[in-house]
Amino acid sequence: MEENGAGHAADAAAFPGKADARHRPSPAFSLVLLLLVAAVAYVGSAGLDQSLRAARGEGAPGVFTVSALSCVQHPGHESCTCHGRYTPDSGGETRGVYLHAAGRDTCREGEEIPAADVGAANRVYGPDGSREWILSSVLLAGSAAAVGGLTVTWVRHVRVLTRAGR
């Protein structure tokens with residue numbers, strides 16, 4: 001075996017189709033990648049509308065009344081969940097939810113916090129809004145980049161085949 005790459009050149013000369021096959025994109029891998037990218041894009045787009053409304057502070061205004069706080073210590077930070085009941089200002093039905101992005105300092109039992117319901121089934125957002133849209137945007141941009149990269153790979157492959165056939 002030669003380590004300087006001369007063996008590959010000899011193989012390409014002796015077997016012309018072998019060199020092309022080595023650089024040919026895999027249809028199976030491309031299909032699996034497209035399915036994974038579609039799943040990631042779906043996750044990214046599923047809550048994008050709610051995330052954008054929460055970021056802008058849009059939604060049905062109301063009051064969140066704190067009933068409990070549960071926190072978990074992670075290396076480097078603490079993650080808290082503020083449970084309670086949300087009552088819309090419009091006088092609708094009160095329901096049990098959690099307050100998104102609440103911490104120990106903002107969530108004290110019995111406290112009433114202005115909140116907005118943007119349509120999520122189990123959570124409402126405080127007056128500071130939310131930055132969830134950032135994750136959704138990153139997932140969508142990454143999906144677009146992956147599809148673009150795969151497209152470029154296949155276009156290059158087709159061009160090489162077209163030029164070889166002339």
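## Exercises on disulfides, core and salt bridges

C82 is buried, with a relative accessible area of 0%; buried means under 20% relative accessible area, exposed over 50%, and partly exposed in between (1.4 Å probe, protein chains only). The structure is a predicted model, in which local features need pLDDT of at least 70 and side-chain atom pairs count only at pLDDT 80 or more, whereas totals for chains, interfaces and linings use all residues. Residues are numbered from 1 along each chain as its sequence is written, and side-chain values use heavy atoms, with hydrogens and water left out.

### Exercise 1

Determine how many disulfides the structure holds and describe each of them.

Solution.

Step 1. There are 2 disulfides, a disulfide being a pair of cysteine sulfur atoms within 2.5 Å.

Step 2. One of them joins C82 to C107, with an S to S distance of 1.8 Å. This pair links distant parts of the chain, C82 lying in strand β2 and C107 in the loop between β3 and β4, 25 residues apart. Helices (H or I, at least four residues) and strands (E, at least two) are DSSP runs, numbered from the N terminus.

Step 3. The torsion about the S-S bond of C82 and C107 is 80°, and the link is right-handed. C107 is buried at a relative accessible area of 4%, and C82 is buried at 0%.

Step 4. The disulfide of C71 and C80 has its sulfur atoms 2.1 Å apart. The torsion about its S-S bond is about 110°, so the disulfide of C71 and C80 is right-handed. C71 is partly exposed, with a relative accessible area of 25%, whereas C80 is buried, with 14%.

Step 5. Counting bonded cysteines along the chain, the disulfides follow the pattern 1-2, 3-4.

### Exercise 2

Identify the residues of the largest nonpolar core and the strands that supply them.

Solution.

Step 1. A nonpolar core is a set of buried Ala, Val, Leu, Ile, Met, Phe, Trp, Tyr and Cys residues joined through side-chain atoms within 4.5 Å. In soluble globular proteins, nonpolar side chains tend to be buried together.

Step 2. The largest such core has 11 residues: F64, V66, C82, Y86, V97, L99, A102, C107, I113, A115 and V124. At least two residues of this core come from each of β1 (60-74), β2 (77-88), β3 (95-100) and β4 (112-117).

Step 3. Both C82 and C107 belong to this core, and a disulfide joins C82 to C107.

Step 4. Y86 serves as an example of a core residue. Beyond its neighbours within four places in sequence, Y86 is in contact with residues including F64, V97, A115 and V124, contact meaning heavy atoms within 4.5 Å. The partners of Y86 also include E93, R95 and D117.

### Exercise 3

State which residues of helix α4 are buried, and where they lie around the helix axis.

Solution.

Step 1. Helix α4 spans residues 48-56, and Q50, S51 and A54 are buried in it. Viewed down the axis of α4, the buried residues fall within an arc of 100°, so they line one face of the helix; the arc is that of the directions from the helix axis to the C-beta atoms.

Step 2. The buried residues of α4 pack against β5 and α5.

Step 3. Just after α4, G57 takes a positive phi of about 75°.

### Exercise 4

Describe three of the salt bridges found in the structure.

Solution.

Step 1. A search of the whole structure finds 5 salt bridges; each is a side-chain nitrogen of Lys or Arg within 4 Å of a carboxyl oxygen of Asp or Glu. Side chains of opposite charge can pair when their charged atoms come close.

Step 2. E78 and R104 meet through their side chains at 2.8 Å, N to O. The pair links distant parts of the chain: E78 is in strand β2 and R104 in the loop between β3 and β4, 26 residues apart. E78 is partly exposed at 29%, and R104 is partly exposed at 48%.

Step 3. R56 and E58 form a salt bridge at 3.0 Å, N to O. R56 counts as exposed at 53% relative accessibility, whereas E58 counts as partly exposed at 34%.

Step 4. In the salt bridge of R123 with E132, the closest N and O atoms are 3.8 Å apart. R123 is buried, with a relative accessible area of 17%, and E132 is partly exposed, with 22%.

### Exercise 5

Locate D128 and decide whether it is buried or exposed.

Solution.

Step 1. D128 lies in the loop between β5 (123-125) and α5 (132-165).

Step 2. At a relative accessible area of 76%, D128 is exposed.

Step 3. D128 and A101 are 27 residues apart in sequence, and their C-alpha atoms are 9.1 Å apart in space.
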